[in-house]
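User: I have a model open and want to check the labels on its sheet and helices. Can you take me through the reasoning?

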Amino acid sequence: MTNVLKESFTGENPPAPAALAAKVRTLAPSMTRSMQLVAEAVAGDPAGCAALTVTGLAERTGTSEATVVRTARLLGYPGYRDLRLALAGLAAHQESGRAPVVTADISVDDPIADVVTKLALDEQQTLADTAAGLDTAQLAAVVAAAATARRIDVYGVGASSLVGQDLAQKLLRIGLIAHAHSDPHLAVTNAVQLRAGDMAIAVTHSGSTSDVIEPLRVAFDHGATTVAITGRPDSAVTQYADHVLTTATSRESELRPAAMSSRTSQLLVVDCLFIGVAQLTYETAAPALSASYEALAHRHPRTR
């Protein structure tokens, strides 16, 4: 049991109380059912759970003490005592009125005004969760590598391909060589050409999309710096990633599948990455960006 617990804890600094709820939402889908029960309990009632011993929380959730400790370690805490302290901090946030807003699912008969309100609140929460859970050390490392990369390939399919195209376009406008690939065969063909000094970025919320994993694996095997932007930090894609940037997502519903809700958080990470690279390469990025604006401004509109 000790070995299992050691493997679960990442060894990094535990997440701040404000980031706990975000981390629960991000990791819960990939947990075992018993661990989900613990995670749902601490996220739903942090004040009540903070008052419980490890035995008390195990009894409340119908699990075992070992499951409670494993859940704490998976969430990034050395032990249950550290998780209790974070729960107390989260409860204080809630009492002060700064608690995360949990919105209701959109119903088929909701008035459009309610749909607008619910979506706005939901996306606001998704952005806050992503910002709270984003590893800025990993982000800084990706920015540094991208700023000096000879070439950057971005892989994504479906909704994630739109995010990949957005990132490649942004990087191109500041003078970097970047290409987005949504065709899996073309992605692998290009990945074979990558070498040390190049970068490959996979965008996949589930982290299990084979059409994205395969080109990243090929790029990894050829020595390129590899990055995964994913909502599942323990998923298959991460085994071929030198750096992992984790995104959050809102609750999936019948009218709003994960592909839609995940795109908001992916775009935030893309913007953070782009701004970081632009800052680091400002002397060349600023003129390149100005040149692209000027070229577009002088483009005559089409006649109809």
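User: What does helix H9 lie across, and what angle does H9 make with S5?
Analyst: In this predicted model, helix H9 (residues 136–147) lies across S1, S3, strand S4 (225–230) and S5. H9 runs at about 125 degrees to S5. Roughly perpendicular covers 65 to 115 degrees, and roughly antiparallel means over 145, so this angle counts as oblique.

User: What is the strand order in the open sheet?
Analyst: The order is S2-S1-S3-S4-S5, five strands with parallel pairing. Strand S2 (178–181) and strand S5 (243–246) each have a single partner strand, so they stand at the edges. One side of each is left without a neighbour in the sheet. From one strand to the next, the twist averages 15 degrees.

User: How do you know that S1 and S3 pair?
Analyst: Pairing takes at least two bridges. Strand S1 (residues 152–155) and strand S3 (residues 199–203) have four, in the parallel sense. They therefore count as paired. Tyr 155 stands opposite Ala 202 in S3.

User: Why is H11 called roughly parallel to H12?
Analyst: Helix H11 (residues 184–191) and helix H12 (residues 210–221) pack at about 10 degrees, their axes 8 Å apart. Roughly parallel means under 35 degrees, so the label fits.

User: Which residues make that contact?
Analyst: H11 gives Pro 184, Ala 187, Val 188 and Ala 191. H12 gives Asp 211, Glu 214, Pro 215, Val 218 and Ala 219.

User: How do the residues of the contact of H11 with H12 divide?
Analyst: Seven are nonpolar, two are charged and none is polar. Asp and Glu count as charged, so Asp 211 and Glu 214 are the two.

Key. Residues numbered from 1 in each chain as written. Predicted model: local features only at pLDDT ≥ 70, side-chain atom pairs only at ≥ 80, totals over all residues. Heavy atoms only, no water. Axes fitted to C-alpha atoms, helices over the stretch in contact; angles between N-to-C directions. Contact = heavy atoms within 4.5 Å.
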